[in-house]
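I am opening a notebook on a structure that is new to me. The entries below follow the order in which I looked things up.

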Amino acid sequence: MNGKVKHDFLWGTASAAYQCEGAWNEDGKGISTWDQFCHSDKNIKGLTGDVAVDFYHRYKEDIRLLKEGGHNTLRFSISWTRIIPDQSGKINQAGIDFYKNVIKECKANGIVPNVTLIHYDLPAWLENIGGYANPVFSDEFAKYCKVIFENFRDDIPMYVTINESTHNAYCSYLTGNYPPNVHDVQTLVQVCYNLVIANAKAICEFRKLNLKSKIGIVHTTNTVQILKDTPEYRIAQRRGDLFKNKWVTDPAILGKFPDDLFPLLIESGIDLSFVKEEDLEILKHNTIDFLGQNCYTRAVVKPYESGETNYYPNNVGAGQKTIEGYVVKGWFQTDVDPTTPKNAWSREIYPKTIYDMLMGIKKDYGDIPVYITENGHAMAEKPNENGEIIDDERIEFMKSYLEWLIKAENEGCNVKGYYAWSTTDCYSWINGYEKRYGLIYIDYENDLKRIPKKSYSWYRDFIKEHTEGK
Ligand code: BG6
């Protein structure tokens with residue numbers, strides 16, 4: 001290990017429209033499922049992304065801070081309802097102009113835009129007719145993506161179709177704490193399927209334009225590991241990998257669902273009559289150019305013991321006792337490694353997972369380019385008496401993950417970029433604003449003032465020291 005990545009490695013941070021933009025109803029924007037949910041009585045905490053951190057009006061300041069922090073890329077998402085506000089399909093020019101301005105600002109500051117087309121914020125009108133569960137979702141998504149591709153063409157060099165389709169689906173249709181707040185395994189499977197098909201249909205639109213840009217999907221591969229090596233544990237590991245990862249990454253990269261997936265689903269009583277030959281054909285011909293990987297932790301599993309299928313996410317509040325994890329009836333359930341540290345939201349901290357994940361991708365999928373599109377550490381933090389945010393715990397987290405990433409790169413994994421989650425502190429879905437991930441602190445009491453944390457300067461120095469030719 002030489003401790004450095006190649007000179008053209010992308011170093012940056014990531015954010016998402018609903019979590020940072022604010023301006024929820026400005027300049028012709030339509031209503032998304034998160035606007036609708038946050039304004040309803042299902043939103044127990046009452047916190048919304050109406051203003052968020054006001055990236056919509058302050059993007060110039062934020063992009064300048066990125067440049068000063070030594071970054072050469074920014075991952076952000078486009079809000080679908082800013083571009084196409086309602087069911088009529090009419091395009092909102094003000095929405096296009098906003099993102100054109102953001103991209104222009106990125107370019108002027110030497111920042112490569114890496115743009116996600118949907119990061120959870122589905123249009124409310126589509127949600128209200130069944131959302132991801134309605135097969136029309138994939139066609140509507142492809143139509144919207146086509147508008148983006150035609151308007152932005154090669155000005156966006158990296159397109160991401162969908163952010164974390166499975167995490168979104170599990171929270172929305174299993175835990176039921178994200179809109180539309182459903183708990184139904186049959187619907188969940190159909191949603192996951194529709195998201196896979198939507199990715200392929202969007203890529204199909206993209207290929208028609210023969211752009212130079214690249215297109216990928218963002219998944220969160222939790223490398224699935226076991227604490228005992230027995231045949232039963234190995235079966236649970238494979239099933240965990242199918243459920244967590246392979247039903248997204250196999251179709252996206254190989255153009256087909258894993259052979260053992262559908263038989264297992266049928267065995268579990270799932271009705272697969274929604275699967276269509278023509279969809280499977282579309283998958284075959286529309287695979288990604290690169291894989292975005294959000295990397296937070298691994299998944300430790302054991303053979304199924306008891307309980308109904310469910311997901312216990314890490315977004316139910318600091319200090320809670322539930323360890324993040326799954327029960328999939330008859331398949332597997334989460335195991336707990338008592339030797340590893342956990343964060344305040346009970347998520348396991350396991351830095352080697354980034355290395356295991358990259359090695360696993362190389363083994364399963366060869367040299368497909370991989371970008372770590374999110375990695376970060378949640379803290380409930382406050383400035384000290386001098387107004388500084390000394391987030392040594394976050395620095396320790398990032399340093400340990402990055403050392404494992406560099407080791408994987410040096411050992412031949414085709415990893416080409418890293419994005420810390422998140423650019424600034426931002427709205428953390430149903431956690432609200434207490435759960436902070438940013439390298440830049442947001443003072444919510446003081447006009448959303450931006451205060452770079454200690455990790456911001458640390459990251460700038462790390463980039464310099466660990467990139468060839470810097
Ligand atoms: C990822 C999402 O799952 O994790 C982000 O892509 C999210 O949008 C991040 O904010 C951290 O999760 P949470 O629930 O702690 O905010």
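Which strands does helix 9 lie across? I looked this up in what is a predicted model. Helix 9, residues 185-208, lies across strand 4 (158-163) and strand 5. I noted its direction as well: helix 9 runs at about 160° to strand 4.

Next I followed helix 13, residues 353-365. Helix 13 packs on the sheet and touches strand 7, strand 12 (370-374) and strand 13 (415-421). Its direction makes about 145° with that of strand 12.

**Entry: the barrel**

I then traced the order of the strands. There are 8 of them in a closed barrel, in the order 1-2-3-4-5-7-12-13, and the pairing is parallel. Neighbouring strands of this sheet are turned against each other by 25° on average, with direction ignored.

I picked one pair for a closer look. Strand 5 (residues 214-219) and strand 7 (residues 290-294) run parallel and are joined by 4 bridges. Which residue of strand 7 does His219 stand opposite? I found Gln293 there.

**Entry: strands 9, 10 and 11**

Strand 10 covers residues 325-328. On one side I find strand 9 (residues 310-312) as a partner: the two pair in the antiparallel sense over 3 bridges. Asn310 of that pair stands opposite Val327 in strand 10.

Strand 11 (residues 332-334) is also joined to strand 10, by 2 bridges, and the two run antiparallel. I noted Phe332 in strand 11 as the bridge partner of Val328. Strands 10 and 11 form a hairpin with 3 residues between them. In the turn, Gly330 has a positive phi of about 80°.

Are the faces of strand 10 covered or open? In a regular strand the side chains alternate between the two faces of the sheet. I checked both sides of strand 10 and found both covered. Gly325 and Val327 are buried on one side, and Tyr326 and Val328 are buried on the other.

**Entry: cysteines**

How many disulfides does the structure hold? I count 0. Why is Cys204 not bonded to Cys145? Cys145 holds the closest cysteine sulfur, but that sulfur is 12 Å from the sulfur of Cys204, so it is too far for a bond. I set the limit beside this: a disulfide needs the two sulfur atoms within 2.5 Å.

Cys295 is in no disulfide either, and its nearest cysteine sulfur, in Cys413, is 12 Å away.

I also compared accessibility. Cys204 counts as partly exposed because its relative accessibility is 27%. Cys295 has a relative accessibility of 1%, so I list it as buried.

Definitions and conventions
Residues are numbered from 1 along each chain as its sequence is written. This is a predicted model: local features need pLDDT of at least 70, side-chain atom pairs count only at pLDDT 80 or more; totals for chains, interfaces and linings use all residues. Side-chain values use heavy atoms; hydrogens and water are left out. Two strands pair if DSSP finds at least two bridges between them. Axes are lines fitted to C-alpha atoms, for helices over the stretch in contact, and angles run from 0 to 180 degrees between N-to-C directions. Contact means heavy atoms within 4.5 Å. Buried means under 20% relative accessible area, exposed over 50%, partly exposed in between (1.4 Å probe, protein chains only).
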